[in-house]
Amino acid sequence: MHDKANAGATATVTNSQTGQSVELPILSGSMGPQVMDIRKLYSGLGVFTFDPGYMATGSCESKITFIDGDEGVLLYRGYPIQQLAEKSDFLEVSYLLLYGELPTEAQKAKFVRDVTYHTMVHEQITYFFRGFRRDAHPMAVLCGVVGAMSAFYHDSTDINDERQRMVASFRLIAKVPTLAAMAYKYSLGQPFIHPRNDLTYAENFLHMMFAVPAEEYVVSPVLSRAIDRLFILHADHEQNASTSTVRLAGSSGANPFACISAGIASLWGPAHGGANEAVLRMLEEIGSVDRIPEFIKRAKDKDDSFRLMGFGHRVYKNYDPRATVMRETCHEVLDELGIKDEPLLELAMELERIALEDEYFVDRKLYPNVDFYSGIILKAMGFPAHLFTVMFAVARTVGWIAQWNEMMNDPTQKIGRPRQLYTGAGPRDYVPVEQR
Ligand code: SDX
């Protein structure tokens, strides 16, 4: 599937105990590090690779998103995230991620219409919500209800049928915002607000989240633009934990609704998409600038499980380019909302300044990531903290779908089944309980 095999470069691996050697091809992509193709390693040398956390392992070939962690570069199908955030909109970026090219005017109009006319959910899905406690975390609700879509849309669960894969893709991209808003409304005890076809994707989401039947809700163009940009920034990010979860679930042939539900579950973790909510809780716990040194000290203490949420990244060893755009958007939103000296923003900026001067963070190249500022923007826009990761999931659904479709269209695709280094007990016989 890769367009560019390297011109014959190889790596020779030798087992010093047995003297056995195997020559492994080195492959080049169009950009980024080369990879050593280890598919013949076990048959040639009788050993597995060992890479917990996949720190140095490429799990697949992809043409969707490129990240250069050292340079802080993020490209969606070759387009820099900064340009897309400034000049594009979320559904156009969604088209780009799914199909590989920016749409013509006609293609975009059709795509927007097709997504818009799939935003309603089966009325019976509302019954699922009644089974949740009102104080259930909306990520728990979203995970459950998206998985339950498998029980409703039987006409788009055959993953071997390209048309059914396309229908399921549109249903997920279009309906996840509706389900997310329903999870929020349910937690408030407010009626669900139906989607509206005369609104853009971001406007519609804000409307479903904040409108009430009792009065007209006027969508703020500033907030809808900010949400649209937030969605763009969160849409895809190469083979992160939740995307890898979706790919692994999909590799067994599981239906797309179940795969996306698995992705939502993985994203929820505070080390991943749950970090935006954790950042806000951390800032609220720090409370004031004079307590920052105490928390920086804790973040550096190996005996303390506390980490500076919103800092660090497996790939970015430079500024996360999304964090930079997010910080600019944060100032714009607060200015537009007339929110002066937002204490959490002041605190975040001082925390960022101090951390970036501290050798612990500098030595480990721990910079603010996409989650560091997003919580402040969302809080200023009226989103409760437990909705922050839901926002991330709404945006990332199109990335998960694009990656899932890329895998399903790969003729070499196999079920993902990693091996292990076994360090458990050797063979032994059963001992009857009276002899133990
Ligand atoms: C997202 O993968 C993606 O692309 C994810 C994402 C996406 O768009 O899909 O970008 C979205 O998940 C962003 C990350 C959000 N998570 C957080 O902000 C949580 C806080 N960050 C850390 O948990 C951590 O930085 C990770 C999980 C993001 C990355 O962890 P790694 O790559 O496994 O790095 P590590 O844990 O091995 O840390 C390396 C060193 C360690 O110290 P030493 O053992 O070398 O002494 O840096 C330290 C860590 O203790 N460290 C931190 C830290 N992050 C790393 N110390 C304090 N605070 C932190 N935040």
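**Figure 1. Surroundings of glutamate 352 in helix α15 of the predicted model.** Setting aside the neighbours within four places in sequence, glutamate 352 is in contact with Phe311, Tyr319, Arg327, Pro368, Phe372 and Tyr373. The residue belongs to helix α15, and it counts as buried because its relative accessibility is 5%, which falls under the limit of 20% used for that word. This view, like the ones that follow, is taken from a predicted model rather than from an experiment.

**Figure 2. Aspartate 341 in the loop that leads from α14 to α15.** Aspartate 341 is placed between helix α14, residues 321-336, and helix α15, residues 343-355. Its phi is near 25°, which is a positive value in a residue other than glycine. Is aspartate 341 buried or exposed? With a relative accessibility of 61%, aspartate 341 counts as exposed, since the word applies to values over 50%.

**Figure 3. Threonine 329 in helix α14.** The helix that precedes the loop of the previous view also holds threonine 329, a residue that is buried, with a relative accessible area of 2%. When neighbours within four places in sequence are left aside, the residues in contact with threonine 329 are Ala226, Arg229 and Ile377.

**Figure 4. The ligand and the residues around it.** The ligand has 24 residues around it, and of these His237, His313, Arg314, Arg322 and Arg396 come nearest. Sorted by class, this shell is made up of 10 nonpolar, seven polar and seven charged residues. Which residue places a backbone N or O atom 2.8 Å from a nitrogen atom of the ligand? That residue is leucine 308, whose backbone atom lies at 2.8 Å from the ligand nitrogen. Two arginines approach oxygen atoms of the ligand through polar side-chain atoms: for arginine 364 the distance to a ligand oxygen is 3.1 Å, and for arginine 396 the distance to a ligand oxygen is 2.8 Å. On its own the ligand has 1100 Å² of accessible area, and the protein covers 78% of that area.

**Figure 5. The open sheet of β1, β2 and β3.** Three strands, in the order β1-β2-β3, form an open sheet with antiparallel pairing. Strands β1 and β3 stand at the edges and have a single partner strand each, so that one side of each is left without a neighbour in the sheet. Strand β1, residues 10-14, pairs with strand β2, residues 21-27, over five bridges in the antiparallel sense. Within this pair, threonine 10 has proline 25 of β2 as its bridge partner, while threonine 14 stands opposite serine 21 of β2. The two strands form a hairpin with six residues between them, and in the turn glycine 19 has a positive phi of about 80°. On the other side of the sheet order, β2 is joined to the antiparallel strand β3, residues 35-36, by two bridges, and isoleucine 26 stands opposite methionine 36 in β3.

**Figure 6. The open sheet of β4, β5 and β6, with arginine 77 in a loop.** A further open sheet of three strands has the order β4-β5-β6, and its pairing is antiparallel. Its edge strands are β4, residues 65-68, and β6, each of which pairs on one side only. Strands β4 and β5 run antiparallel and are joined by four bridges, and the bridge partner of isoleucine 67 in β5 is leucine 74. Where is arginine 77 found? Arginine 77 is found in the loop between β5, residues 73-76, and β6, residues 79-80, and its phi is positive, at about 50°, although arginine 77 is not a glycine.

**Figure 7. Helix α6 and the helices packed against it.** Helix α6, residues 138-148, is mostly covered, with eight of its 11 residues buried. The buried residues in α6 are Pro138, Met139, Val141, Leu142, Cys143, Val145, Val146 and Ala148. Against which elements do the buried residues of α6 pack? They pack against α5, residues 125-129, α7, residues 162-188, α11, residues 256-267, and α18, residues 388-408.

Technical notes
Residues are numbered from 1 along each chain as its sequence is written. This is a predicted model: local features need pLDDT of at least 70, side-chain atom pairs count only at pLDDT 80 or more; totals for chains, interfaces and linings use all residues. Side-chain values use heavy atoms; hydrogens and water are left out. A residue is near a molecule or strand if one of its heavy atoms lies within 4 Å of it. A polar contact is a pair of N or O atoms within 3.5 Å; within protein, one must be able to donate a hydrogen and the other to accept it, and residues adjacent in sequence count only if both atoms are side-chain atoms. Accessible areas come from the Shrake-Rupley method with a 1.4 Å probe; for residues, only the protein chains shown count as cover. Ala, Val, Leu, Ile, Met, Phe, Trp, Tyr, Cys and Pro count as nonpolar, Asp, Glu, Lys and Arg as charged, and the others, Gly among them, as polar. Two strands pair if DSSP finds at least two bridges between them. Buried means under 20% relative accessible area, exposed over 50%, partly exposed in between (1.4 Å probe, protein chains only). Contact means heavy atoms within 4.5 Å.
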